[in-house]
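These are my notebook entries on one model, written while I looked things up in it. I began with a strand pairing and went on to the metal site and the cores.

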Amino acid sequence: MSAKHRERTTLALAIFLFFAWCGFAPAQRETSKTQVVLLGTGTPAPDPEHSGPSTAIVVNGTPYLVDFGTGVVRQAAAARKKGVRGLEPANLRIGFLTHLHSDHTLGFPDLILTPWVVGRKEPLEVYGPPGTSDMAEHILKAYGEDINIRTGVKISTGEMEHSNSAGYKVNVHEILPGVVYKDQNVTVTAFAVHHGKWAHAYGYRFETPDRTIVISGDTSPDAAIVDNCHGCDVLIHEVYTQASFDKVSPQWKQYRLAYHTSSKELAEIASKAKPGLLILYHRANPGCDQARIEECRQVGSEEQMLQEVRQGYSGRVVAGHDLDTY
Ligand SMILES: [Zn+2]
Ligand SMILES: [Zn+2]
């Protein structure tokens, strides 16, 4: 080999290694990082810009869902289109429920059936409070005819829709507070929170190789959030504005105090919990939603909420929007 040829070979090798590094290193960083994807930041109110409450924690490309609000699977597909590859709908197979209020579970049938129809071969694993098994069982019963047709059961001509016979199944794990799930990516701890008359309502703490994330679920002000976050990287917390509280009826005030957390109360909690980032989600406006009075709705705005939280909290805070990724 001539010196010139050797030089060219070395140069080609260097160029190859440089491009290999460029192409490979960022991809590796992306897949090893924990991503928090807000699939739905809404409430029971049918707001087209805010899907029902649902959050995805994606670790090394594996998604873990918290709550299954309206639109959960379509929002996962939208996030995948935006570049979160782990949220391919057929990959959705592990989920956690904070409690069984309808706004947090309306997407449960969607999560059972849609990923299966597009190719999920494993049963869905769901961790939730007592009552989750009954809910799953009734959903499967309600969709029994669909499942029979798609799998070819009881059809003399045989299966025609090509759906596999395992992907629609649900393994429910009814849980109590404590460590409820652990694998190579994540340790998940459920903790009890106060949510009005619900006997079982949970928040969750996710510990991944690079981050700790706490999700409040629906809760009135609770010291458990402070204890479980305790300097966590991300705290995702529900909230309503004090200004809207002042406008609702005494009955709705009573409801809010027992079931949810005001901006002022959240500012106190966050000041003690000291998260790296506070994300406001499930930004509810109960009482105003029902009254349907514009002035009442306006005082529940995102700007109002951020302003109120910032009055009592000096840390980093954002209003979460659907499909935001942190
Ligand atoms: Zn809710
Ligand atoms: Zn609730």
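Which residue stands opposite Ile-57 in S3? I found Tyr-64 there.

Before going further I noted that this is a predicted model, in which local features need pLDDT of at least 70 and side-chain atom pairs count only at pLDDT 80 or more, while totals for chains, interfaces and linings use all residues. Residues are numbered from 1 along each chain as its sequence is written, chains are lettered from A and ligands numbered from 1 in the order in which they are written, and side-chain values use heavy atoms, with hydrogens and water left out.

Entry on S3. I took helices (H or I, at least four residues) and strands (E, at least two) as DSSP runs, numbered from the N terminus, and I counted two strands as paired if DSSP finds at least two bridges between them. S2 and S3 pair in the antiparallel sense over five bridges, and in their hairpin, with two residues between the strands, Asn-60 has a positive phi near 50°. S3 also runs parallel to strand S4 (residues 94–96), joined to it by two bridges, with Leu-65 opposite Gly-95. I use buried for under 20% relative accessible area, exposed for over 50% and partly exposed for what lies in between (1.4 Å probe, protein chains only). Strand S3 (residues 62–66) is largely enclosed by the rest of the structure, because four of its five residues are buried.

Entry on the zinc site. I looked up the donors, meaning N, O and S atoms within 2.8 Å of the metal (3.2 Å for Na, K and Ca), and kept in mind that water is not among the atoms, so sites may look incomplete. For the zinc ion (ligand 2) the protein donors are His-99 (NE2), His-101 (ND1), His-195 (NE2) and Asp-218 (OD), at 2.1 to 2.3 Å, and their spacing along the chain is H-x1-H-x93-H-x22-D. The four donor atoms subtend angles of 96 to 151°, so the arrangement is irregular; four donors count as tetrahedral if all angles lie between 85 and 135 degrees, and as square planar if opposite donors are over 155 degrees apart and all others between 65 and 115. Asp-218 bridges this ion and the zinc ion (ligand 1), the two lying 3.5 Å apart.

Which of these histidines did I find buried or partly exposed? His-99 counts as buried at 0% relative accessibility, whereas His-101 is partly exposed at 23%. His-195, also at 0%, is buried, and I located it in the loop between S8 and strand S9 (202–207). Its contacts (heavy atoms within 4.5 Å), leaving aside neighbours within four places in sequence, include His-99, His-101, Asp-218 and His-260.

Entry on the cores. A nonpolar core is a set of buried Ala, Val, Leu, Ile, Met, Phe, Trp, Tyr and Cys residues joined through side-chain atoms within 4.5 Å. The largest has 28 residues, and Val-37, Leu-65 and Phe-108 are among those with the most contacts inside it. The elements giving two or more residues to this core include strand S1 (34–40) and helix H4 (108–117), and H4 gives the most, with five residues. A second, separate core of 25 residues includes Val-36 and Val-188.

Entry on the open sheet. Its seven strands have the order S7-S8-S9-S10-S11-S12-S13, with mixed pairing, and strand S7 (178–182) and strand S13 (317–319) are its edges, each pairing on one side only. S7 pairs with strand S8 (residues 187–192) in the antiparallel sense over four bridges, and Tyr-181 stands opposite Val-188.

Note on methods:
Tetrahedral: all angles 85-135°; square planar, octahedral: opposite > 155°, others 65-115°.
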